[in-house]
Amino acid sequence: MDRQHQNLDLKIELYFFFGTFISASVGTAALPVVKYLCLMFNPVLRRRSVWWRLRRLFLALMLLYVFIPVIVKLCPSIQAKLVFLNFVRVPYFIDLKRPLDQGLNHTHNFYLEPEPGVRVGVWHTVPAHMWRDAQNKDGHWFESSLGSAQSAILYLHGNAGTSLPAGAALTAVLFQVLSALGFHVIAFDYRGWGDSDGSPSELSMTSDALFIYHWLKVRLNKAPLYVWGHSLGTGVATNVVRRLCDRDSPPDALILESPFTNIREEAKSHPFSMVYRFLPGFDWFFLDTISANDIYFASDDNVNHISCPVLILHAEDDAVVPFHLGKKLYHAASRSQSLSGHKVQFVPFDSSLSYKHKFIYRSPELAHILRY
């Protein structure tokens, strides 16, 4: 064994002597080549180099793991951006002024000002039976069509999107499904999303939605008006409906697609938090930072102040907003005193259907569910 070690040490000395000779003759430019030759002809050095690289990689990942929570705590605005993800626009190269490009040939794009100097983009899709009449019509025609006695849905999208919440193709299908059921569909981008002005916050999202709701309500000529929220939009929807019920002017129904209880529980259950979920101080680093941005979306509290029918839709295989959060919200709504006397319905979709977080519109039962 000693002789083997001696032979190995001799080989290493020869390799480095050879490398030193070349470096002295050619210059430092030859050092990478020498290093490569030494590693190539010496399996022991090669194994040591691989191990060293893996160790350096591990240390770098550990430093990054510790560094991220510290940065989030020191810069709370980062956490707000991660909640809203309004800077993520998928697909990116889309002209929101042209819904026709997404197959919505009976949809009009226009802009409203919830407050002076703040402009938000809005899409209005008319019921399918009106699509021929809608061709080449201007904004005045679309606005006057709201007096047609047809029901309307105010659609509130989730994060990481625009009025195209699940991508252009998916949203076009969703709006077509609702349009085919005879609904006007009004969808808009909260400030800071899409081509709307401003920057997002829970308060501004809620106030924008309230403004659009009242704009729509006065033009409907007493036709039914429903509020539909998806994902993060369910938090906006319960905020809006709570305020409407406080004013004794509730919508005809509230529809929550893939909802959560509150933003803290959703953040803790989100797959992105899996890496840090069991880190000591997780709540302090991440969840308290969300609250520091005045972001709550407390739907489980809001349902105690809502007085209109509530319909909850949730897929069992939803990995973004876990199914158990939607079920928990339903139980909270079922116990709400303000909802006693109003229908509260929970409709689950089996995981075998693969509807996940944003494909519930594929259900052939959706028309029946909404009519019921």
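These exercises, with worked solutions, walk through a predicted model of one protein.

**Exercise 1. Take stock of the whole chain**

Find how many helices and strands the protein has, and what share of its residues is buried.

Solution.
- Step 1: Count the elements. The protein has 14 helices and 8 strands.
- Step 2: Look at burial. Of the 372 residues, 48% are buried.
- Step 3: Look at contacts with a separation of 6 or more. Residues 24 or more positions apart account for 74% of them.

**Exercise 2. Decide where to trust the coordinates**

Find the average pLDDT of the protein, and say how residues 21–26 score.

Solution.
- Step 1: Start with the average. The protein reaches a pLDDT of 85.
- Step 2: Check the spread. A score of at least 70 is given to 80% of the residues.
- Step 3: Turn to residues 21–26. Their pLDDT is below 50. Beyond near neighbours in sequence, this stretch makes 6 contacts in the model.
- Step 4: Draw the lesson. Predicted coordinates should not be read in detail where pLDDT is low.

**Exercise 3. Find the nonpolar cores**

Identify which residues touch the most other members of the largest nonpolar core.

Solution.
- Step 1: Size the core. The largest nonpolar core holds 59 residues.
- Step 2: Pick out its best-connected members. F84, L156, L216, L254 and F297 touch the most other members.
- Step 3: Look for another core. A second, separate core has 26 residues, including L104, F359, Y361 and L366.

**Exercise 4. Follow the strands from β5 to β8**

Work out which strands pair with β6 and β7, and in what direction they run.

Solution.
- Step 1: Begin with β5, residues 225–230. It runs parallel to β6, and 5 bridges join the two. V227 stands opposite L254 in β6.
- Step 2: Move from β6, residues 253–257, to β7. These strands are also parallel, joined by 4 bridges. I255 faces L311 of β7 as its opposite residue.
- Step 3: Move from β7 to β8, residues 344–349. Here 6 bridges join two parallel strands. I312 has F346 in β8 as its bridge partner.
- Step 4: Add the helices. β5, helix α9 (residues 232–246) and β6 form a right-handed β-α-β unit. β7, helix α13 (residues 323–334) and β8 form a right-handed β-α-β unit as well.

**Exercise 5. Buried or exposed?**

Decide whether β6, β7 and K327 are buried or exposed.

Solution.
- Step 1: Take β7, residues 310–315. Because 6 of its 6 residues are buried, β7 is largely enclosed by the rest of the structure.
- Step 2: Check the two faces of β7. V310, I312 and H314 are buried on one side, and L311, L313 and A315 on the other.
- Step 3: Repeat for β6. Here 5 of 5 residues are buried. A253, I255 and E257 lie on one face, with L254 and L256 on the other.
- Step 4: Place K327. This residue lies in helix α13.
- Step 5: Read its accessibility. K327 has a relative accessible area of 30%, so it is partly exposed. The partly exposed range lies between 20% and 50%.
- Step 6: Relate K327 to the strand. K327 and H314 are 13 residues apart in sequence, and their C-alpha atoms are 8.2 Å apart.

**Exercise 6. Describe the surroundings of D195**

Locate D195 and list its contacts.

Solution.
- Step 1: Find the loop. D195 sits between β4 (184–188) and α8 (202–217).
- Step 2: Set aside neighbours within four places in sequence. D195 then contacts L96, K97, Y111, G121 and D189.
- Step 3: Find the polar contact. The side chains of D195 and Y111 make one at 2.5 Å.

Notes. Residues numbered from 1 in each chain as written. Heavy atoms only, no water. Core = buried A, V, L, I, M, F, W, Y, C linked by side-chain atoms within 4.5 Å. Buried < 20%, exposed > 50% of the residue type's maximum accessible area, 1.4 Å probe, protein only. pLDDT = per-residue confidence, 0-100. Contact = heavy atoms within 4.5 Å. Polar contact = N/O pair within 3.5 Å; in protein donor to acceptor, adjacent residues only side chain to side chain. Pairing = 2+ DSSP bridges. Right-handed = clockwise from strand over helix to strand, strands pointing away.
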